[in-house]
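Q: Please take a close look at the salt bridges of this structure and at the places of the side chains that form them. A nonpolar patch on the surface may be included as well.

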Amino acid sequence: MKMGDFHGYRVALERADAGTRAAVRWARNDATLYDESYHTCLQLTAKETDLLRLFGEIAPGSSALSADSRAGGHECEIMTYSTAASSRRAIGPARVLWKTVAMD
């Protein structure tokens with residue numbers, strides 16, 4: 001598997017799965033297990049304009065940027081992308097939940 005450095009972490013640069021159809025075919029006859037232990041929750045606190053600019057760069061065209069999403073109360077799923085000018089490769093999915101707070 002080809003790995004690369006990203007913000008101080010080693011991450012996979014390309015997919016290493018056998019394909020969706022193979023996984024579904026195998027799951028019909030055997031048990032499946034999905035490990036979510038590598039997921040992390042991050043809280044980003046900033047001015048709304050700064051967050052909108054950030055999400056515009058890492059998740060262009062995302063539903064997380066809509067006024068309904070920013071009003072809060074529901075979760076949005078987005079796909080994040082590298083901001084490197086040389087390649088706009090997908091990093092992976094993320095979930096966003098907005099909560100508006102007053103900033104001093």
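A: The salt bridges are described below, followed by the nonpolar patch and a nearby serine in the sequence record shown. The model is predicted: local features need pLDDT of at least 70, side-chain atom pairs count only at pLDDT 80 or more, and totals for chains, interfaces and linings use all residues. Residues are numbered from 1 along each chain as its sequence is written, and side-chain values use heavy atoms, with hydrogens and water left out.

Side chains of opposite charge can pair when their charged atoms come close. A search of the whole structure finds three salt bridges, a salt bridge being a side-chain nitrogen of Lys or Arg within 4 Å of a carboxyl oxygen of Asp or Glu. One joins D5 to R10, with the closest N and O atoms 3.1 Å apart. D5 counts as exposed because its relative accessible area is 63%; R10, at 54%, is exposed as well. Here buried means under 20% relative accessible area, exposed over 50%, and partly exposed in between (1.4 Å probe, protein chains only).

Another salt bridge pairs R53 with D50, the closest N and O atoms being 3.4 Å apart. Both residues belong to helix α2 (residues 48–58) and stand three residues apart, about one turn of the helix. Helices (H or I, at least four residues) and strands (E, at least two) are DSSP runs, numbered from the N terminus. R53 is exposed at 52% relative accessibility, whereas D50 is partly exposed at 31%.

In the salt bridge between R95 and E77, the closest N and O atoms are 3.6 Å apart. This pair links distant parts of the chain, with R95 in strand β4 and E77 in strand β3, 18 residues apart. R95 is exposed, with a relative accessible area of 55%, and E77 is exposed at 54%.

The nonpolar surface patch consists of F6, Y9, V11, L13 and I91, with about 450 Å² of accessible area together. Patches are made of residues with over 30% relative accessible area and no salt bridge; like charges are joined within 9 Å, nonpolar side chains (Val, Leu, Ile, Met, Phe, Trp, Tyr) within 5 Å. Areas come from the Shrake-Rupley method with a 1.4 Å probe, and for residues only the protein chains shown count as cover. V11, in strand β2 (residues 9–12), counts as partly exposed because its relative accessibility is 31%. V11 and I91 are 80 residues apart in sequence and 8.8 Å apart in space, C-alpha to C-alpha.

S82 lies in the loop between β3 (76–81) and β4 (90–96) and is buried, at 13% relative accessibility.
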